[in-house]
Every structure is written in structure tokens, then in C-alpha cells.
Amino acid sequence: MSNLIRPGLAIAATLLVAVACGKTDGDVATPAADGASAIDATATATPPAGDPVTMDGVPGTAPTAAAADPADAAAAGAGDTLRTTAAAMFGTIPARVEELRGKALSEAQVELGHMLFFDPRLSSSHLITCNTCHSIGTGGADNVPASIGHGWQRGPRNSPTVLNAVFNAAQFWDGRAADLAEQAKGPVQASVEMNSTPELVVRTLESIPGYVDRFGTAFPGQAKPVSFDNMALALEAFEATLVTPDSRFDRWVLGDDSAMDDTERRGLELFVSSGCASCHNGRNFGGQTYFPFGVIERPGADILPAGDKGRFEVTATASDEYVFRAAPLRNVELTAPYFHSGQVWDLEQAVAIMGTAQLGRELDGDEASAIAAFLRTLTGRQPTVEYPILPPSTASTPKPAQ
């Protein structure tokens, strides 16, 4: 029993940080007015991971993706200290997202987005789809260090998972897209990815009667429902359905003691008391704000390439050099290789690197293994998505680029 007292006290103290992080429907971490004193008071239990970088006014999807969280009851005080802390800091993934931006999720838009997600004709080559880099069958990512796009070009960063991305406060490693709709427009136009243009996309979709009809149904009353903006909104609606509820962690938070074993619970204790949760909080265990990579010790150039300065490329602010969004950790066991550079394949190694780089702490083998074991409990029920039968092209459909 005595072995549990110190972790229990550390976790209880860390609850002060959870309050400062403020888990809401949007899971956006905002520092409390007296946040500095709260961190000072718990410094021995939760080493600060470096000052978070503000969102610079990017609103993001997360505050508008409404979904009830049954873990709120546990956060209110049901269960033991560890469970109460976990419920307050993280919460659970819902079975479905009920609305976006205050409106019920449109089934017609979801169905249209489902088709577009798998349609290679959004790319100029007619070869690349959204699913190419965000494969729903492999954890919502492509499991290579950097995605291969148009003309066999290699992208600059590891592909983030699309699963549960609706709960992130902004999209991409540097947060340059406010929401999933804005994010959807980026790869379609990027020369290294799908290499298309808004004009070519609209011309292609307008040439396919099946799409013209579906856009009209999904966006009724519009003079020109087939548009690049509506393509992005339909993709966002579909991607909002790609959530992974019912992880073992979620079941444990909701009261199933058998869902996590002793090692996994110890890993959760370490995850909180060591300071990992200072950055990786909210229902997506991250994705809410930005931190410098290498707060305490900067990793080598193989893991942190000197040429990729992260959020600096968005803001041109010197303090944003090598700043990246805290990666969401849901389903992390499915999304190797890790980090924006995609250079670490082993989850235990990734945990150890974060210990030295962000926390200034050498995690021993048992600690890294326990934390990794806990992180594997975050794998939820994967979405079952049927490959769609797409509407046929016509003689006026633009031909693929060579």
C-alpha cells in the first residue's frame, strides 16, 4: 500500500495542472491566471515541459465539435484518485461526433465526403487519394517516415493520423490549418502531394453527373453547390466520423477495473506524475497547443532536422523555431514511425526521447516500458469503412496528368 502513496500524492497534485489545462468539449489548454504558482507548487511531481506557444487566434475545429463525454461523471469524483485525475485531464472518445459548428452533422455531406476521401480524381495524376497518406486501415496514417506524393516526391514530414483529428485544436504539425476543412484543401493543392488546383477539382467534379447530384443534395439551396470549399466541407464531415471510442483506457476510466492491468496503471501514473500530461492532455492526449521540441535537451539532427523549423514557417516569429504541436497520442501504437521527422519506430524509444528532450529526465527501461504499455491502452475501436463505389467519369472529365 505504501508504494501507492507517493504516486497518489503526485497525481493529486497534478490535478492542479489539469484544472489549469481546462478540459472542455474543445479540449483547448488555456493557462490559469495563477498557473505559474500552480506549476511551482507541483514542480517535484510534474516537471514543466516548457511554456506552451499560443494559438495566435487560430480557432480550430475542437471547440465546435460537440460530443458528450460520459467521463465527466468520473471527473466529478467517482472512483479512485487515479481514475478521477484521468477523467479530468483526458476524458474519453465519444461513439460519434454529434455536430460541427453548432449544426448537426449532415449525413448527405458525410456520404459525399466518404466518396471524395477515396477518389483519386481529386489528384492531377488520378492516382493519389486522401486515404493514400491517411489510411483508415493502418491507424489513419501511412506508416512511413514521410509520405510519397505526386511524381514519387517525398513529403517533408510524417503524416499525422486522421483518426480523432476532429478533436485537435488545429491541423498539421505546425497548426497552419484552423480545422479539417482548411486542412483538406492543402494536400489537394500541394505539388508534392496531389498536385491539383481548385479549378481542376471543380472542373472534374462538375463533369461527373453522380457528383453533381450528390453536391446538390449535400448543399441544398446553393446556386453552385459544386465548389472547392464544399469539397473541403464534405471531407471534413466524413473525417469527423473517424473516431475511435471504447479503448481499454476509456473503459477503465468509466469504471471497468479489468480493462487495464497493474503495469498499465503504473504507466498512467508515470505519464501524469512525470509531466507527460502537461503537453499531452485533453480527450485526444495532445493536439491542443504547441511546444518547443527540445525544451531541456535538443535531439540530434536525425530526429530534429535543422532545416525544419516547425511553427516558425507559419508565424516567422523567432520564438517559434522548432516549435511543433503536441502530437495526439490516441492509437499511437498504430502510427509508427514517430515525431514529425518519422525517424523513430519503437514506442519505448520515443517515450525515452521525450523524457530527456522535454522533461530533462532519464526514464529507465521499466519506466519507459510502463508508459508505453499505458499508451497502448489508448487504441480504440477502429472505424469500419466500406470502400465506396465512385460515380463514373465522362468524356468531359479531365484526363490524368502525365
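Me: I'm new to this one. Of the 402 residues of the protein, what share count as buried?
Reply: Of those 402 residues, 54% count as buried. Keep in mind that we're looking at a predicted model.

Me: How many helices and strands should I look for?
Reply: You'll find 15 helices and 5 strands in the protein.

Me: And what share of the contacts between residues at least 6 apart in sequence join residues at least 24 apart?
Reply: Among those contacts, 74% join residues at least 24 apart.

Me: Let's try a helix pair. How do the axes of α5 and α10 cross?
Reply: Find residues 107-117 for α5 and residues 228-239 for α10; their axes come within 7 Å and cross at roughly 100°. An angle from 65 to 115 degrees counts as roughly perpendicular, so that makes α5 roughly perpendicular to α10.

Me: Which residues in α5 and α10 meet there?
Reply: From α5, you have Gln 109, Val 110, Leu 112, Gly 113, His 114, Leu 116 and Phe 117. They meet Met 231, Leu 233, Ala 234, Leu 235, Ala 237, Phe 238 and Glu 239 in α10. Sorted by class, this contact has 10 nonpolar, 3 polar and 1 charged residues.

Me: Now the empty spaces. How does anyone find them?
Reply: Rolling a probe the size of a water molecule over the atoms shows where empty space is left. Here, a search of the whole structure finds 2 cavities of 30 Å³ or more. There's also a pocket to look at, and the largest pocket has a volume of about 690 Å³.

Me: Which residues lie nearest the centre of the largest pocket?
Reply: Look for Pro 160, Phe 172, Arg 176, Pro 187 and Glu 193, which belong to a lining of 36 residues. Both α6 (130-133) and α7 (180-189) supply at least two residues of that lining, and α7 gives the largest share, 5 residues. By class, the pocket lining has 16 nonpolar, 12 polar and 8 charged residues.

Me: What is the volume of the largest cavity, and which residues lie nearest its centre?
Reply: The largest cavity has a volume of about 670 Å³. It's lined by 37 residues, with His 280, Ala 327, Leu 329, Phe 339 and Met 354 nearest its centre. The elements giving two or more residues to this lining are β4 (290-292), β5 (323-325), α14 (347-359) and α15 (365-376).

Me: Which element gives the largest share of the cavity lining, and how do the classes divide?
Reply: The largest share, 7 residues, comes from α14. The cavity lining divides into 25 nonpolar, 10 polar and 2 charged residues.

Note on methods:
Residues numbered from 1 in each chain as written. Predicted model: local features only at pLDDT ≥ 70, side-chain atom pairs only at ≥ 80, totals over all residues. Heavy atoms only, no water. Axes fitted to C-alpha atoms, helices over the stretch in contact; angles between N-to-C directions. Helix = DSSP H or I, 4+ residues; strand = E, 2+ residues; numbered from the N terminus. Parallel < 35°, antiparallel > 145°, perpendicular 65-115°, else oblique. Contact = heavy atoms within 4.5 Å. Nonpolar A, V, L, I, M, F, W, Y, C, P; charged D, E, K, R; others polar. 1 Å grid on protein atoms, 1.4 Å probe; cavity = no way out; pocket = protein on both sides within 12 Å on 5 of 7 lines; lining within 4 Å. Points joined across faces, edges and corners; volume = space filled by probe spheres on them. Buried < 20%, exposed > 50% of the residue type's maximum accessible area, 1.4 Å probe, protein only.
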